[in-house]
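Trainee: Could you take one residue of this protein and walk me through its surroundings? I'd like to see how a single spot fits into the whole.

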Amino acid sequence: MSRRLAGLLARQRFPRYRAAFGYGSAVIPQRSTAAPALVDAVLCVDDARAWHAANVLRNPAHYSWLKTLGPAAIATAQATYPGVYYNVTSE
């Protein structure tokens, strides 16, 4: 993992994860862009339910209304639909 990505992830106070990769202009600088630098990150975890339980407490703003259903529902949605939980509105 690049130092830049590691620094970005450390500032988010994520629970422990096994591996991560990122993309976007904050990870891979672009030559010219008027938009603010963005990062998209994929975190690989061993137990999605436990990870979301911890992350909802640490970073509730990273979740949509789905957080109100609990970590088991988030993990089920993640496994059932796209295979990842993706929230485009977290900061």
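**A close look at N55**

Mentor: Sure, let's start with where N55 sits: it belongs to helix α2, which covers residues 48–58. Keep in mind that we're looking at a predicted model. Is N55 buried or exposed? Its relative accessible area is just 2%, and the cut-off for buried is under 20%, so N55 counts as buried.

Now, who are its neighbours? Leaving aside residues up to four places away in sequence, N55 touches F14, P15, P60, H62 and Y63. Hang on to Y63, since that name comes up again. The largest nonpolar core is made of 13 residues, and Y63 is among those with the most contacts inside it, along with L9 and I74. Which elements give two or more residues to this core? They are α1 (3–11), α3 (71–80) and α2, the helix that holds N55. The largest share comes from α1, with three residues.

Let's zoom out to the whole chain. You'll find three helices and two strands, and starting from the N terminus they're ordered α-β-β-α-α. The chain has 91 residues, and 26% of them count as buried; N55 is one of the buried ones. Next, take the contacts between residues at least 6 apart in sequence: 41% of these join residues at least 24 apart. Finally, the chain's accessible surface comes to about 6400 Å², with 56% of that belonging to carbon and sulfur atoms.

Key
Residues numbered from 1 in each chain as written. Predicted model: local features only at pLDDT ≥ 70, side-chain atom pairs only at ≥ 80, totals over all residues. Heavy atoms only, no water. Helix = DSSP H or I, 4+ residues; strand = E, 2+ residues; numbered from the N terminus. Buried < 20%, exposed > 50% of the residue type's maximum accessible area, 1.4 Å probe, protein only. Contact = heavy atoms within 4.5 Å. Core = buried A, V, L, I, M, F, W, Y, C linked by side-chain atoms within 4.5 Å. Areas by Shrake-Rupley, 256 points an atom, 1.4 Å probe, with all protein chains shown as cover.
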